[in-house]
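The following exercises concern a ligand and the protein around it. Please study the sequence and the structure before reading the solutions.

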Amino acid sequence: MRIRTDSVHNGTGHSPLGPGPVLFGILNVTPDSFSDGGEFFGAGPAVSHAEGLLDEGAHVVDVGGESTRPGSDPVSPEEEVRRVVPVVRGILEARPGTRVSVDTYRASTAEAALDAGAAIVNDVTALGGDPRMAGVVAERGCPVVLMHMLGEPKTMQENPRYDDVVREVRDYLAGRAERAISAGVDPGDVVLDPGIGFGKKLEHNLQLLRRLDEIVELGFPVLVGTSRKGFLGRILGSDDPKARVFGTVATSVTSYDRGATAFRVHDVRANREALEVAAAVRGA
Ligand code: HH2
């Protein structure tokens, strides 16, 4: 099946994530994430933080057990499962009915998290990191986020190069969506993500955000993950990721205006309120 790049491809015009701006609250169960590493390491603190994200209005809690920050090393598959699964269970015990997403590129972790009640797979390798992942997502029939990354976390920021970053990311995502669908993933379950900060310089990130509508035109719902990322620090002159909340909000609103529907953020309330206002303006 060819991806048509000129119209809504998933055929429904609806997002598998639900209508309106959808907030993915970030829950990093890692000792080394770039902005909150170690803060929610362990099931107790992680579940409490998830409840806080939900209270602030998150629609989805995105649980990750391995940092993908530039320069990071992978953890073992067993360690990733040990970090993620008790947290998925704990969230669903504390707040039954929560939509939990698992941020992993490993099929074994995705399966374990889905068995524990997770409902969405968020794969920063767009199903390319593990040959079994497409089959797992297809068989489970869950929404899947396919993200663009150039290279791998260890080295991706060394010297990323593109002729036209937006065209290349768009073509890559179209190809990954096509592969997912040929592997049996329902087109209505595909969500695309330009992968802000993953093998991209400041100018690449800004081009992707400015021309995000070109990715939206592929016809799949688009998720953006700019939260507290380094390119905001470059613009704002701030080394502290927690001082990048207002900058993050600016990118959420500009992305929403260009057609993004989902936003992966640490600071749920700030982003949710800004997006609620943006949605009211759009609906006026
Ligand atoms: N960014 C990060 C991790 N997962 N998933 C998607 N779909 N899109 C993103 O932009 C994205 C992602 C990196 O951010 P964070 O989880 O805050 O940090 P770390 O990788 O250091 O845990």
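Two exercises with worked solutions follow; the model is predicted.

**Exercise 1.** Determine where the ligand sits, and describe the residues around the ligand.

*Solution.*
Step 1. Locate the site: the ligand occupies the largest pocket.
Step 2. List the neighbours: 18 residues surround the ligand, and S33, S67, N122, D193 and K229 come nearest.
Step 3. Sort the shell by class: six residues are nonpolar, seven are polar and five are charged.
Step 4. Examine oxygen atoms of the ligand. A polar side-chain atom of R264 is found 2.8 Å from one such oxygen atom. For T68, a backbone N or O atom lies 2.8 Å from an oxygen atom of the ligand. A polar backbone atom of G225 is 3.2 Å from a ligand oxygen atom.
Step 5. Assess the cover: on its own the ligand has 470 Å² of accessible area, of which the protein covers 98%.

**Exercise 2.** Establish which residue lies over the face of Y256, and how many aromatic pairs the whole structure has.

*Solution.*
Step 1. Inspect the ring of Y256: R282 lies over its face, 3.8 Å from the ring centre.
Step 2. Search the whole structure for aromatic pairs: the count is zero.

Terms used. Residues are numbered from 1 along each chain as its sequence is written. This is a predicted model: local features need pLDDT of at least 70, side-chain atom pairs count only at pLDDT 80 or more; totals for chains, interfaces and linings use all residues. Side-chain values use heavy atoms; hydrogens and water are left out. Rings of Phe, Tyr and Trp (its six-membered ring) pair if their centres lie within 6.5 Å; planes under 30 degrees apart count as stacked, over 60 as edge-to-face and the rest as tilted. A charge sits over a ring if NZ of Lys or CZ of Arg is within 6 Å of the ring centre and within 35 degrees of the ring normal. A polar contact is a pair of N or O atoms within 3.5 Å; within protein, one must be able to donate a hydrogen and the other to accept it, and residues adjacent in sequence count only if both atoms are side-chain atoms. Accessible areas come from the Shrake-Rupley method with a 1.4 Å probe; for residues, only the protein chains shown count as cover. Ala, Val, Leu, Ile, Met, Phe, Trp, Tyr, Cys and Pro count as nonpolar, Asp, Glu, Lys and Arg as charged, and the others, Gly among them, as polar.
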